[in-house]
Amino acid sequence: MPAPAIAALLGLTLAACGLPLPWSFLSALPLAAILAHAAAAPTRRAVTARLFWAGFGYFALHLWWLGAFLHHLLGAAPLVTVLYALEAAFLAGMATIAVTLTRTPTGRIWALAGGWVILEWLRFLGPLAFPWPTLGYTLLPTPAIQIADLGGVLLGSVLVTFTAASLAHAWTNRHSLNRQEQGRRPLAPAVLAAVAWAAALGYGVTRTPGDGPEQPMRVLRVTFDAFERASGDLTSQKQLAAQTAASLNRPPGSVIVWSEGAISSRGTRPTPGQTIPAFPGPGISGVGGYEQLTPPGPDPIRQPATYQEINTVTSLDAAGTVQSVNAKARLVPFGEEFPFRPILDPVYRLIETSLGFTLARMTPNPRPTPLTLNGVLYGAYICYDSVFPWVARALANQGAQVLVNPSNDGWYQGWGVQQHFNMGRVRAIETRRWVVRSVNLGVAGTVNDLGQPAQTVDSGQELQALDVRPKLLTGTTVYMRLGDWPALALAALMVAYGVRQDRRRNDRPS
């Protein structure tokens, strides 16, 4: 079988050991095969090519649901292969740097492993940010995921890639040293990996849930068609009436939580003091729509009014008066924002003309802040924000006592829904806060501070209400203090170890 085909097959195997599958903790095994196969390539270009095809197979299966989404939206499922190729190209670019730093298979294994984690970190940044396929999430079925409160999900990625590199190291060196060295050196990293796993599992099983006052809340799971909702075919009045009916007769002191964009705003952005009398507060709701930036000129045809889409979450008191507002921090690339717009504006205008509608123009919120309601600080972040650890971390560092994630999972298909929910579970571990979700076509309910689902509903009738009692917690985790730096430092050490392995081999007498 050609080497690229083997690499693609190994990538598919890695994806088959990913979320939301219960055996995802085995992901280090196919990753070890990928590292060994790529590092054994005869030339630098071949190393890069093998990692590209492994990445293509990995992303194609892990993100297969995006093809279903594009088919539903545009009838153009094959377009998703562009994303697969782009993500694989990033892996190939990382491999190019790794093989520049190292020359031996052993050195390349470690440089590729450390580079993989660094690349995952880079996926959290920039206009093309898409951190969906992060290996640390594959630890969710095990207690080892609890190390996320020490170094975030990327520390989990370090454990996975270090284990994979250790196995690949032992396999690659099994015949390259004399018999005495085989008993010591090739297995030393694998022994260290076993110790790391024992420490991570031991740490995980000793974590206990935090204790604090309970806040009664009612969350909704609605099943509105996301496409009809976005196009306006499903009226805001119909949505409002259905959600209001499900929000009545709540337990005393209960706070209602509605999903992303549950309230439509036309022409203005919600501001504190504004009243939305139809909202059955007190509660928290997503508010979407648009705001007018400039009025029309004397000639409205030549000088039309300009608008900008908004996507916010608000807290409202019992009278429906807005208490606080937080806007979405991370926008979906090619959905809510179109990267490099100043440069590619002619291309985007051509697309708008061919599609017959204007592409979204939104502004991200670089400084999310908690919502206030009746003396409680709620760390509310919207849908896609939940896959960016820095958002929940920033809110918790500002005193948020519980995380609230209004979401619209109606865009996702298949694995995408469960993957999104599972990634949100790790935000609870990183910050040791409960997470409350109210969604359209997804998983609604609560997750405790250990990342364990407490009360959830993910299917059933058109509109379901769930009364939950999350705990209000405070305190600071190591991850909240240090962020991703511990994981990045360990990833850099793996790269440095690979470079050191090269030097040892070059210094060894022949």
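## Worked exercises: a buried arginine, a helix pair and two cavities

The side chains of R437 and N405 make a polar contact at 3.2 Å. Keep in mind that this is a predicted model.

**Exercise 1. Place R437: which strand holds R437, and is R437 buried or exposed?**

Step 1. Start with the secondary structure: R437 sits in strand β10, residues 435-440.

Step 2. Now check the accessibility. The relative accessible area of R437 is 3%, and the cut-off for buried is under 20%. So R437 counts as buried.

Step 3. Look at who surrounds the residue. Leaving out residues up to four places away in sequence, R437 touches V219, N405, S407, D409, H420, F421, V443, A444 and G445. N405 is on that list, and its side chain is the polar partner from the opening, at 3.2 Å.

**Exercise 2. Describe how α7 and α14 meet: at what angle do their axes cross, and which residues make the contact?**

Step 1. Pick the descriptors. Two packed helices are described by the angle between their axes and the distance between the axes.

Step 2. Fill them in. Helix α7 covers residues 148-172 and helix α14 covers residues 415-431; their axes come within 8 Å and cross at roughly 145°.

Step 3. List the contact residues. From α7 they are A148, D149, G152 and V153, and from α14 they are V426, R427, I429 and E430.

Step 4. Sort them by class: four are nonpolar, one is polar and three are charged.

**Exercise 3. Take stock of the cavities: how many of 30 Å³ or more does the whole structure have, and what lines the largest cavity?**

Step 1. Count. The search turns up two cavities of 30 Å³ or more.

Step 2. Take the largest cavity, with a volume of about 90 Å³. It has 14 lining residues, and L19, Y58, H62, T134 and T138 are the closest to its centre.

Step 3. Trace the lining back to helices. α3 (44-62) and α14 each give at least two residues to the lining of the largest cavity.

Step 4. Classify that lining: nine nonpolar, five polar and no charged residues.

**Exercise 4. Do it again for the second largest cavity: which strand supplies the largest share of its lining?**

Step 1. Get the volume, about 50 Å³.

Step 2. Write out the lining of the second largest cavity: R269, Q308, E309, I310, N311, A327, K328, L331, M362 and T363.

Step 3. Assign the largest share. Strand β5, residues 306-316, supplies four residues.

Step 4. Finish with the classes: the lining of the second largest cavity has four nonpolar, three polar and three charged residues.

Conventions. Residues numbered from 1 in each chain as written. Predicted model: local features only at pLDDT ≥ 70, side-chain atom pairs only at ≥ 80, totals over all residues. Heavy atoms only, no water. Axes fitted to C-alpha atoms, helices over the stretch in contact; angles between N-to-C directions. Contact = heavy atoms within 4.5 Å. Nonpolar A, V, L, I, M, F, W, Y, C, P; charged D, E, K, R; others polar. 1 Å grid on protein atoms, 1.4 Å probe; cavity = no way out; pocket = protein on both sides within 12 Å on 5 of 7 lines; lining within 4 Å. Points joined across faces, edges and corners; volume = space filled by probe spheres on them. Buried < 20%, exposed > 50% of the residue type's maximum accessible area, 1.4 Å probe, protein only. Polar contact = N/O pair within 3.5 Å; in protein donor to acceptor, adjacent residues only side chain to side chain.
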